[in-house]
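Subject: Structure handover: ring pairs, charges over rings, cysteines

Dear colleague,

Here is the structure for your files. Please look it over alongside the notes underneath.

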Amino acid sequence: MNQETGPKMQAAWAALKARGGQEVALPTLLPAALVLELAGEDVRPRLYFASGPDGAELCLRADLTIPAALHYAQNAQGDDEPAAWVCEGKVFRAPKPGEDRAPEFVQIGLERFGDADRIEADVTVFLAAWEACQAAGERNLYVRLCDGGLLPHIIAKADLPDPWNSALGEVASHKSALKRVLAQATGTGPSRQISALERTIAELDPERARSTVAEVLTLANLSLPGNRQLSHVADRLAARAKRAIAKPLAPELAETMSKLIHLSSQGSLAASLDECVALAEKLGVDLMDWRQAWTLRLDRIQQEAPEALAHAHFEALSPEAFDYYDGMAFDLAVDPSFARPVATGGRYDTLVGEISSGARHARAVGCVIRPARFGGQ
């Protein structure tokens, strides 16, 4: 670890290491197409790009989680091989328009892979982040708890009509995109005219649709950007056309979905979880096992660090820009707006499989801390 980081960061680093983990160095340059596929196109304006000697598009890492998952996928000898790593280094993220933020900053983190007990691993990583911040002198932190897998599970199990079930499912872990699609499904979003090509594609079988797209590209002397495939483009065109001419989602279904997307209770954590269960039940989805798992997590946190839940609330869906979290997720912040969290973390069980194209799989959970924000900076 860089010794020029100051006593607060060193104290936080020591607290992370106390929870167990081997120090690892993670890659700084990553394949851009991979990052955009995993984190979503919405993060493109926040990334810094470069070209490799072979012309491949690369990007500087914007966090430590994706490079950690990539490192695991490349080095693990088998699926769910246990590993616990502590990592430190600069990440690079362009400020949003109007923001006065440094484009590069240091993160420290803990990443765990292959733990058999998901709930215990979730709690371990949360407590590691909490204890690291406490060691750095951060007291009375606000805690936002989320579940990146909740909305995808509900949408997959709910009895929603075509094409809105697939449309909502495609963006189920991305809050802003989910709100846009729901607005379209209710007829309250911006309307658009579908092109003749889209309408034609929507009426063809998949093979004919791909052939038609290929013909259009050839006639226009165009090629597909990045790693996109003809099937992907054809499917997207057909989906856009079907959504444009589909009947709106029933008002009661849309209202329930909207309540779930916007659920952000500032009261009892138990009441928030119960509200999720009740809303899901309206969609025909049973969340009792999910509710029990969250009860076990909260009980374990209460046992070891009851002060961590003093200013905690639950949201059904994380607003985090990187949408690869598929289980428990959290933010720790010095103010209730969570505009500048000092720590974030969560479960990302599917990320290793996606990075390796299915060659390697692992349960995974981790957290990152931004020492520059200690002291309310």
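The notes below cover aromatic pairs, charges over rings, and cysteines.

Please keep in mind that this is a predicted model.

Aromatic pairs

The structure has nine aromatic pairs. One of them joins Tyr72 and Phe113, whose rings are stacked, at 4.4 Å centre to centre and with 15° between the planes. Tyr72 belongs to helix α3 (residues 65-75) and Phe113 to strand β6 (residues 104-113), so this contact ties together parts of the chain that are 41 residues apart in sequence. Tyr72 is buried, with a relative accessible area of 1%, and Phe113 is buried, also with 1%.

A second pair to check is Tyr324 with Tyr348. The ring centres of Tyr324 and Tyr348 are 6.4 Å apart and the planes stand at 70°, so the pair counts as edge-to-face. Both partners sit in loops: Tyr324 in the one between β9 (312-315) and β10 (328-333), and Tyr348 in the one between β11 (343-347) and α14 (351-355). The two residues are 24 apart, and the pair links distant parts of the chain. Tyr324 is buried at 5% relative accessibility, and Tyr348 is buried at 0%.

These four residues also belong to a cluster linked by ring pairs, made up of Tyr72, Trp85, Phe113, Tyr324, Tyr325 and Tyr348.

Charges over rings

Two arginines are worth a look here. Arg297 places its charged end over the ring of Trp294, 5.0 Å from the ring centre. Arg370 lies over the face of Phe105, and the distance to that ring centre is 3.4 Å.

Cysteines

How many disulfides does a search of the whole structure find? The search finds zero. For Cys59, which is in no disulfide, the nearest cysteine sulfur is that of Cys87, 17 Å away. The cut-off for a disulfide is two cysteine sulfur atoms within 2.5 Å, so a separation of 17 Å rules out a bond from Cys59 to Cys87. Cys59 is buried, with a relative accessible area of 1%.

Cys146 is likewise in no disulfide; its nearest cysteine sulfur belongs to Cys276 and is 10 Å away. Cys146 counts as buried too, at 0% relative accessibility.

If you open the model at one place, try the Tyr72 and Phe113 pair, where the stacked rings connect helix α3 with strand β6.

Regards

Notes. Residues numbered from 1 in each chain as written. Predicted model: local features only at pLDDT ≥ 70, side-chain atom pairs only at ≥ 80, totals over all residues. Heavy atoms only, no water. Phe/Tyr/Trp six-rings, centres within 6.5 Å; stacked < 30°, edge-to-face > 60°. Helix = DSSP H or I, 4+ residues; strand = E, 2+ residues; numbered from the N terminus. Buried < 20%, exposed > 50% of the residue type's maximum accessible area, 1.4 Å probe, protein only. Lys NZ or Arg CZ within 6 Å of the ring centre and 35° of its normal.
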